[in-house]
Amino acid sequence: MLTAAQIVTFDDTPPPPGCSPWVGSPEQARHIEIVEPDADWPGVFEALRAAIVGVLGARALVVEHVGSTSVPGLAAKPVIDIDLTVADTDDEDAYVPALEALGFVLRVREPWWMGHRCLVSAHPAANLHVWPPDSPEAARHRIFRDWLRSDETDRQRYAAVKRAVAADGLMSAYNARKEGVIREIFARAFSAAGLLP
């Protein structure tokens with residue numbers, strides 16, 4: 001069971017020396033496009049969720065739509081973000097081959113960062129983040145999503161910063177430049193959820 005302290009404490013530890021999170025080629029520069037909200041995004045998620053559950057069955061403990069495409073009215077990259085909880089992220093044989101059969105490709109492996117894995121799909125465009133049970137990061141994703149669904153001011157603030165920083169080309173740079181505003185929004189969301197004193 002997660003504690004409030006675990007949820008509100010961010011883990012910014014860099015990779016261990018000599019370790020790379022990338023599976024295969026390193027991150028490549030690309031055009032990052034922020035588009036207006038699309039009413040089809042929830043349906044795309046539902047189709048992906050059904051496919052994931054279809055191949056994993058009970059091994060898919062939780063499948064959640066997170067990220068900006070899960071927030072009605074929020075401009076976003078047209079990429080569906082999904083959080084998948086499995087019993088043991090280190091046991092890749094239990095889930096990676098089945099997900100690869102759906103067209104997902106394992107791109108990120110971070111055993112040092114809460115056991116995180118990320119698989120990507122090109123058609124439809126999706127990032128599938130895989131977490132062990134009781135992941136603080138997955139909990140934060142849900143809190144952030146639910147807060148943005150309910151708070152118009154922060155929803156607009158977040159959309160504005162995403163548009164402003166999208167031109168860098170590297171997803172890591174895009175994420176880093178959003179971080180200050182994201183942490184400010186998290187502070188308000190944590191307070192509203194009663195997680196901060």
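I will talk through helix α4 of this predicted model and the nonpolar core around it.

Residues are numbered from 1 along each chain as its sequence is written. Because this is a prediction, local features need pLDDT of at least 70, side-chain atom pairs count only at pLDDT 80 or more, totals for chains, interfaces and linings use all residues, and side-chain values use heavy atoms, leaving out hydrogens and water.

Let me start with α4 itself, residues 136–150, where helices are DSSP runs of H or I of at least four residues, and strands are runs of E of at least two, numbered from the N terminus. Its 15 residues should span 21 Å, taking 1.5 Å times one less than the number of residues, and the end C-alpha atoms are indeed 21 Å apart. At the N-terminal end, S135 caps the helix, with a side-chain oxygen 3.3 Å from the backbone nitrogen of E137.

Among the buried residues of α4 (under 20% relative accessible area, 1.4 Å probe, protein chains only) are I143, F144, W147 and L148, and what covers the buried residues includes α1, α5 and α6.

Turning to the core, meaning buried Ala, Val, Leu, Ile, Met, Phe, Trp, Tyr and Cys residues joined through side-chain atoms within 4.5 Å, the largest has 26 residues, and F144, L148, Y158 and I185 are among those with the most contacts inside it. The largest share of this core, 8 residues, comes from α6. Leaving aside neighbours within four places in sequence, I185 is in contact (heavy atoms within 4.5 Å) with F144, W147, L148, D154 and Y158.

Terms used. Buried < 20%, exposed > 50% of the residue type's maximum accessible area, 1.4 Å probe, protein only. Polar contact = N/O pair within 3.5 Å; in protein donor to acceptor, adjacent residues only side chain to side chain.
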